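Trainee: I have a structure open and would like to learn how to read it feature by feature. Can we go through it together?
Mentor: Sure, bring it up and start wherever you like.

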Amino acid sequence: MIIYQYKLKCSKVQQALLDEAIRTCQFLRNTALRYWMDHRNEKFNKYTLQELASENNFKSEHEFALKLNSQARQQAVLRTTNAILRFFKKQGKFPKFKKDVRSFTLTQTGWKLDNECNHLTLTDKLKIGKMKLVGKRNLHFYTKEQIKQIIIVKRADGYYALFCIDIERKEDIGYTGKNIGIDLGLENFLTDSDGKHIENPRFFKKSEVALKRLQKDVSRKKKGSSNRKKAKIKLQRKHLKVQRQREDFVVKTARQLYLSNDTVFLEDLSVTKMIQKNKFKSIRKSISTICWGKFKDWLKRYSEIFNKNLILVNPKNTSQLCSCCGLMVAKDLSVRVHSCSSCGFEAHRDHNAALNILKIGQGMPKFKPKERKSSNMELVSLC
Ligand SMILES: [Zn+2]
C-alpha cells in the first residue's frame, strides 16, 4: 500500500462543507460508542454497530447525517468498532468520546477524479463539489479499483486528500554485503558500529521557545474570541512544521542506512516503557521528542521496500559489555567512554554499544546474510 498526499484547493463554502462532513463523522463515532456503552451486556462483534450507520436509523431524527456518503458513515462507525475490539483484545484503552476528529474516509464511492487526475469531486449530498489537487505525484498510473480509500484530513494549514493505493512498492538497489549495528541515544541521534554518528537535530528544542510563546498567546486571549482562534491556528501551524521536520529527518536517515547496508541491527527499545520508568522529567521529555518509534517504523518500511533486513536486538547490557572481549564493564550514564581493563579496548560508550548490538544480532538464528549483488540499473550501465 502506498499513500499519496495532495493539498486541496477549496473555496470558503467548500471548507465549511468539509467541516460539516468531519463533524458528522465525529457525531457517528460518538453515537456508536454511546450505543455500545448502553448495550454492554449484549453480544458484540464487528457487525453490531454497522446497522447504526444505515439510512433507516437516521430517517426520523439527525437527518443531517444522511448527507454524508453512506460508505463514509460506515467507515466512521467502523473506527469505533475497531477501538472497542482493540479494547477487548487488551491492545487498547477503554474507548473515549471524540471531540477533535479531523478526518473522514471515503472508499469506492462518493468521489471521482477528472480525466487529467487534477481535480477531485465529492459527489455526496453535501454537494462539496470539485476541488483542485495540489501535489507532485501523478495518479494517472492507477485505476479507480486500485485506489482503496481517500482520507480527507483537516490540518492547521488546510485540507488534504490522502489516496491509499493498493500496490506494493519495491525498489531494487542491490546488496552491498555490509551489515550495521545501531545504538540510539540522546547525545547523538544514532551511533553506528563503524563509529560514525548522526547528531540529534533537536527540532523541538529549537522551536520550543517559539512554541512556548505561541502557547502563551493562546492562553492570554479570551476564551471563544476570534483572536484566540487565530492564535490557536498559529500554534498548530508551528507544531505541524516541527512534526514535518522530524518526519523528514527520520525518513531520510532510515533510507540512507539501507542504501549502504543490507541488514540493520537495532536495539529493541520500548519507548513508552522508557518514558514511564524514567525518574527525570528532562530525560522523559527528550525521549518523547526524539521520535525513535517513528524511526523504527521507517526502517521496517524501507527494509520491505528494498528487500533487506531489520533485526531487533535485546538491548540488555549492550552498553556495559566490552565488545572486544565480552567482559562486563559496569558504568552509569555519566561515563561517556568505555574503557576495558582486561583487553585495553577503548571507545565511545555508544560506539561500543553499537558494536555489541552488531555482534549479538549476527549471532541470532534469524540473521541470514544477503549475497552481494548489484542492482539491475547498475548492471545496465556497466553493459
Ligand atoms: Zn575488553
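Trainee: Let me start with a side chain I clicked on: is Lys 127 buried or exposed?
Mentor: Keep in mind that this is a predicted model. For this kind of call you look at relative accessible area, and over 50% counts as exposed. Lys 127 has 68%, so it is exposed. You'll find Lys 127 in the loop between β4 (119–122) and β5 (129–134).

Trainee: What is phi like at Lys 127?
Mentor: General idea to begin with: most residues other than glycine have a negative phi. Lys 127 has a positive value, near 55 degrees, and is not a glycine. Lys 90 is another such case, with a positive phi of about 60 degrees.

Trainee: Where does Lys 90 lie?
Mentor: Lys 90 is in the loop between α3 and β2 (103–106). Its relative accessibility is 77%, so Lys 90 counts as exposed.

Trainee: On to the metal. Which residues coordinate the zinc ion?
Mentor: With a metal, list the donor atoms, then look at their distances and angles. Here the SG atoms of Cys 322, Cys 325, Cys 340 and Cys 343 coordinate the zinc ion, at 2.2 to 2.3 Å. Along the chain, these donors follow the spacing C-x2-C-x14-C-x2-C.

Trainee: Why is the arrangement around the zinc ion tetrahedral?
Mentor: The ideal angle for four tetrahedral donors is 109.5 degrees. Around this zinc ion, the 4 donor atoms subtend angles of 107 to 112 degrees, and that makes the arrangement tetrahedral.

Trainee: Which parts of the chain do Cys 325 and Cys 340 tie together?
Mentor: Cys 325 sits in the loop between β12 (309–313) and β13 (337–339), while Cys 340 sits in the loop between β13 and β14 (346–348), so the pair ties together parts 15 residues apart in sequence. Their accessibility is worth a look too. Cys 325 is partly exposed at 38% relative accessibility, whereas Cys 340 is buried at 4%.

Trainee: How many aromatic pairs does the structure hold?
Mentor: There are 14 aromatic pairs. To read one, check the distance between ring centres and the angle between planes; over 60 degrees counts as edge-to-face. Take Trp 36 and Phe 88: their ring centres are 6.0 Å apart and their planes are at 80 degrees, so this pair is edge-to-face. The pair also links distant parts of the chain, with Trp 36 in helix α1 (residues 12–38) and Phe 88 in helix α3 (residues 70–88), 52 residues apart.

Trainee: And which residues form the aromatic cluster with Trp 36?
Mentor: Phe 87, Phe 88 and Phe 94 form one aromatic cluster with Trp 36. Trp 36 is buried at 3% relative accessibility, but Phe 88 is partly exposed, with 43%.

Trainee: Rings can have charges over them as well. What sits over the ring of Trp 111?
Mentor: For that, find the charged end and check how far away the ring centre is. The charged end of Lys 144 sits over the Trp 111 ring, 4.4 Å from its centre. Likewise, Arg 155 has its charged end over the ring of Tyr 160, at 4.8 Å from the centre.

Trainee: Now the long-range contacts. Which residues does Asp 350 touch?
Mentor: Here you skip the sequence neighbours and see who is left. Beyond four places in sequence, Asp 350 touches Asp 183, Glu 187, Thr 191 and Arg 336. Asp 350 lies in helix α9 (residues 349–362) and is buried, at 7% relative accessible area.

Trainee: And with which residues is Gly 185 in contact?
Mentor: Leaving out neighbours within four places, Gly 185 is in contact with Asn 200, Ile 290 and Trp 292. Gly 185 is in the loop between β8 (179–184) and β9 (188–192), and it counts as buried at 10% relative accessibility.

Trainee: Last one: how do I check the span of helix α5?
Mentor: Compare the distance from its first C-alpha to its last with what you'd expect at 1.5 Å a residue. Helix α5 (residues 226–260) has 35 residues and reaches 52 Å, close to the expected 51 Å. Its buried residues include Leu 235, Phe 249 and Tyr 258.

Technical notes: Residues numbered from 1 in each chain as written. Predicted model: local features only at pLDDT ≥ 70, side-chain atom pairs only at ≥ 80, totals over all residues. Heavy atoms only, no water. Helix = DSSP H or I, 4+ residues; strand = E, 2+ residues; numbered from the N terminus. Expected span 1.5 Å × (residues − 1). Buried < 20%, exposed > 50% of the residue type's maximum accessible area, 1.4 Å probe, protein only. Donors = N, O, S within 2.8 Å, 3.2 Å for Na, K, Ca; no water. Tetrahedral: all angles 85-135°; square planar, octahedral: opposite > 155°, others 65-115°. Phe/Tyr/Trp six-rings, centres within 6.5 Å; stacked < 30°, edge-to-face > 60°. Lys NZ or Arg CZ within 6 Å of the ring centre and 35° of its normal. Contact = heavy atoms within 4.5 Å.
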